[in-house]
Amino acid sequence: MEPMTVTRERIEHAGVNAASVKGTGARMRDLTPAQRRAVLFAQQQVIKARAAKKAKEERQAALERMWQQEDYAERTRSRAGRSMQDTDEVREVSLREAIGHVLRELRTRDRKTLREVSEKAGVSLGYLSEVERGQKEASSELLGSIAQSLGVKPSQMLRLVADYLDSLES
């Protein structure tokens with residue numbers, strides 16, 4: 001018998017499809033049936049792992065598409081909300097938000113950074129940022145030191161806040 005025929009017989013005897021082993025050639029000839037089964041099992045595991053990886057990548061791509069659609073919908077809703085706010089007669093603004101708006105306007109008008117103003121006023125950068133965004137209420141002493149670091153008197157700053165609130169109401 002030819003060596004190839006013997007190999008095929010051994011493979012078939014081991015219960016393995018000879019067509020699937022065909023590409024491995026001479027290397028498979030030197031293996032015992034148990035080793036061949038182990039090689040085929042390993043090949044099947046690699047195929048399964050590749051399929052699982054592909055499925056995972058497809059799920060991730062689907063999630064990313066979904067997130068992008070949600071982001072787009074959120075931006076669209078946000079734009080619609082802004083246009084509705086613009087058409088409202090009077091936009092309600094809290095005193096805290098008005099003070100923050102005026103402080104930010106004063107700072108950006110003078111082209112000062114949050115860091116410069118916070119260091120000069122003796123306030124933490126994060127706290128000053130929260131005051132400007134209207135998320136924190138500052139004490140009168142703190143507002144006075146922030147106003148002075150911006151180069152205005154506290155009374156001038158409060159007049160600017162009152163003017164801003166008046167402009168929103170009219």
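**Crossing of H6 and H7**

How close do the axes of helix H6 and helix H7 come, and at roughly what angle do they cross? In this predicted model, the axes of H6 (residues 114-121) and H7 (residues 125-132) come within 9 Å and cross at roughly 110°. The two helices are therefore roughly perpendicular to each other, given that angles from 65 to 115 degrees are counted in that class. On the H6 side the contact is made by Leu114, Arg115, Val117 and Ser118, and on the H7 side by Leu125, Leu128, Ser129 and Glu132. Sorted by class, the residues of this contact comprise 4 nonpolar, 2 polar and 2 charged.

**Two residues of the H6 and H7 contact**

Serine 118, which lies in helix H6, has a relative accessibility of 5% and therefore counts as buried, the cut-off being under 20%. When residues up to four places away in sequence are not counted, serine 118 touches Val123, Ser124, Leu125 and Leu128.

Leucine 125, by comparison, lies in helix H7 and is partly exposed, with a relative accessible area of 34%. Leaving aside neighbours within four places in sequence, leucine 125 is in contact with Leu114, Arg115 and Ser118, each of which also belongs to the H6 side of the helix contact. For one of these partners, leucine 114, the separation from leucine 125 is 11 residues in sequence and 6.4 Å in space, taken from C-alpha to C-alpha.

**Crossing of H5 and H7**

Helix H7 also meets helix H5, and the axes of H5 and H7 come within 7 Å and cross at roughly 115°. That crossing makes H5 roughly perpendicular to H7. The contact is made by Arg96, Gly100, His101, Leu103, Arg104 and Arg107 of H5, together with Ser129, Val131 and Glu132 of H7. By class, the residues of the contact of H5 with H7 divide into 2 nonpolar, 3 polar and 4 charged. Ser129 and Glu132 of H7 take part in this contact with H5 and are also listed in the contact of H7 with H6.

**Helix H9 and its two sides**

Helix H9 (residues 154-169) has 16 residues, which at 1.5 Å a residue should span 22 Å, and the distance of 23 Å between its end C-alpha atoms agrees with that expectation. Within H9, the residues Met157, Val161 and Tyr164 are buried. These three cover an arc of only 60° around the axis, which puts them on the same side of H9. An α-helix has 3.6 residues a turn, so residues three or four places apart point the same way.

On the other side of H9, Arg159 and Glu169 are exposed. The buried residues of H9 pack against helix H5 (95-109) and helix H8 (140-149). Helix H5 is thus a partner of the buried residues of H9 as well as of H7, with which H5 forms the contact described above.

**The protein as a whole**

The protein contains 9 helices and 0 strands, and from the N terminus on its elements run α-α-α-α-α-α-α-α-α. Of its 170 residues, 23% count as buried, serine 118 being one of the residues that fall in this category. Among the contacts in the protein with a separation of 6 or more, 55% are accounted for by residues 24 or more positions apart.

Technical notes. Residues are numbered from 1 along each chain as its sequence is written. This is a predicted model: local features need pLDDT of at least 70, side-chain atom pairs count only at pLDDT 80 or more; totals for chains, interfaces and linings use all residues. Side-chain values use heavy atoms; hydrogens and water are left out. Axes are lines fitted to C-alpha atoms, for helices over the stretch in contact, and angles run from 0 to 180 degrees between N-to-C directions. Helices (H or I, at least four residues) and strands (E, at least two) are DSSP runs, numbered from the N terminus. Angles under 35 degrees count as roughly parallel, over 145 as roughly antiparallel, 65 to 115 as roughly perpendicular and the rest as oblique. Contact means heavy atoms within 4.5 Å. Ala, Val, Leu, Ile, Met, Phe, Trp, Tyr, Cys and Pro count as nonpolar, Asp, Glu, Lys and Arg as charged, and the others, Gly among them, as polar. Buried means under 20% relative accessible area, exposed over 50%, partly exposed in between (1.4 Å probe, protein chains only). The expected span of a helix is 1.5 Å times one less than its number of residues. The arc is that of the directions from the helix axis to the C-beta atoms.
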